[in-house]
Amino acid sequence: MIAASCYIATIGSYITLSTFITAYLEDVETVAYANAAVLLMASLGRAAGGLSAGHTVLSDGRLIWLGIGLGGSCFLLLGGGIAGAFVVALPLVAMLAISVPFGSIYAMAADSKTADATALAVVIAVGNIAALIVPAVTGWLRELTGGYEAGFLVLAVLNGVALVGIAGRQLRKPPD
């Protein structure tokens with residue numbers, strides 16, 4: 001269940017940010033190349049996270065905790081209406097941070113007490129539902145409020161819930 005909540009946070013954040021990054025960057029009058037850079041961060045983050053899952057000094061749980069914590073913090077700052085260069089830098093950092101844990105989330109699900117295939121299926125299924133719902137909710141909030149702050153706060157909350165779950169798991173789990 002914790003892996004599923006982490007996947008909801010990461011895939012929901014990833015799809016949402018991917019969906020509205022172009023409009024967001026246009027609204028804050030930034031260069032169009034920043035959009036491509038944000039999406040490049042997703043690819044780099046997933047590759048780096050996949051390579052490091054199960055093979056790092058950090059355990060998978062700690063890697064997830066750091067990625068979700070950093071991503072959620074970026075979304076919280078963006079939701080607070082941060083200004084200046086941060087309006088471009090924070091989406092870049094957030095996308096990288098939320099993309100790194102993907103491999104570790106899959107590894108955590110595969111390591112669960114339920115059958116590997118069942119655990120992965122549940123994680124991916126709830127993630128796909130989040131990938132459909134979260135962008136729609138944040139888009140609706142953008143239309144309702146005229147800005148992106150409420151949407152970023154939704155992402156911060158999703159990541160915060162996952163962060164609490166993974167932190168609790170790390171406290172209950174014996175050291176790696």
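In which helix is I133 found? I133 belongs to helix α6, which covers residues 116-145. The legends below describe close-up views of a predicted model.

**View 1. I133 and its neighbours form a nonpolar surface patch.** The patch is made by I129, L132, I133 and V137. Its area is about 380 Å². I133 sits in helix α6. The relative accessibility of I133 is 47%, so this residue counts as partly exposed, given that the partly exposed class runs between 20% and 50%.

**View 2. R142 and D27 form a salt bridge.** The structure holds 1 salt bridge. In the pair R142 and D27, the closest N and O atoms are 3.1 Å apart. The two partners come from distant parts of the chain, with R142 in helix α6 and D27 in helix α1, 115 residues apart. R142 has a relative accessible area of 28% and is therefore partly exposed. D27 is also partly exposed, because its relative accessible area is 45%.

**View 3. Helix α1 packs with helix α2.** Helix α2 is made of residues 33-52. The axes of α1 and α2 come within 9 Å of each other. They cross at roughly 165°. This angle makes α1 roughly antiparallel to α2, because angles over 145 degrees are placed in that class. The crossing of these two helices, α1 and α2, is left-handed.

**View 4. Helix α1 also passes helix α7.** Helix α1 spans residues 2-27, and helix α7 spans residues 149-172. Their axes come within 9 Å and the crossing angle is roughly 155°. The helices α1 and α7 are therefore roughly antiparallel to each other. Where α1 passes α7, the crossing is left-handed.

**View 5. Helices α3 and α5 pack at an oblique angle.** Helix α3 contains residues 60-79, while helix α5 contains residues 102-110. The angle between them is about 135°, and their axes are 9 Å apart. How are α3 and α5 placed, oblique or roughly antiparallel? They are oblique to each other, because an angle has to be over 145 degrees to count as roughly antiparallel. The crossing of α3 and α5 is left-handed.

**View 6. A4 is a buried residue in helix α1.** The place of A4 is in α1. A4 has a relative accessible area of 5% and so counts as buried, since buried means under 20%. A4 and I124 are 120 residues apart along the chain. The C-alpha atoms of A4 and I124 are separated by 7.6 Å.

**View 7. A136 in helix α6 is shown with T16.** A136 lies in α6. With a relative accessible area of 49%, A136 is partly exposed. Along the chain, A136 and T16 are 120 residues apart. The separation between the C-alpha atoms of A136 and T16 is 8.4 Å.

**View 8. V157 in helix α7 is shown with G84.** V157 lies in α7. Is V157 buried or exposed? V157 is exposed, because its relative accessible area is 55% and exposed means over 50%. V157 and G84 are 73 residues apart along the chain. In space, the C-alpha atoms of V157 and G84 are separated by 24 Å.

Definitions and conventions: Residues numbered from 1 in each chain as written. Predicted model: local features only at pLDDT ≥ 70, side-chain atom pairs only at ≥ 80, totals over all residues. Heavy atoms only, no water. Patch = residues over 30% accessible without salt bridge, like charges linked within 9 Å, V, L, I, M, F, W, Y side chains within 5 Å. Areas by Shrake-Rupley, 256 points an atom, 1.4 Å probe, with all protein chains shown as cover. Salt bridge = Lys/Arg side-chain N within 4 Å of Asp/Glu carboxyl O. Helix = DSSP H or I, 4+ residues; strand = E, 2+ residues; numbered from the N terminus. Buried < 20%, exposed > 50% of the residue type's maximum accessible area, 1.4 Å probe, protein only. Axes fitted to C-alpha atoms, helices over the stretch in contact; angles between N-to-C directions. Parallel < 35°, antiparallel > 145°, perpendicular 65-115°, else oblique. Left-handed = near helix turned anticlockwise from the far one by under 90°.
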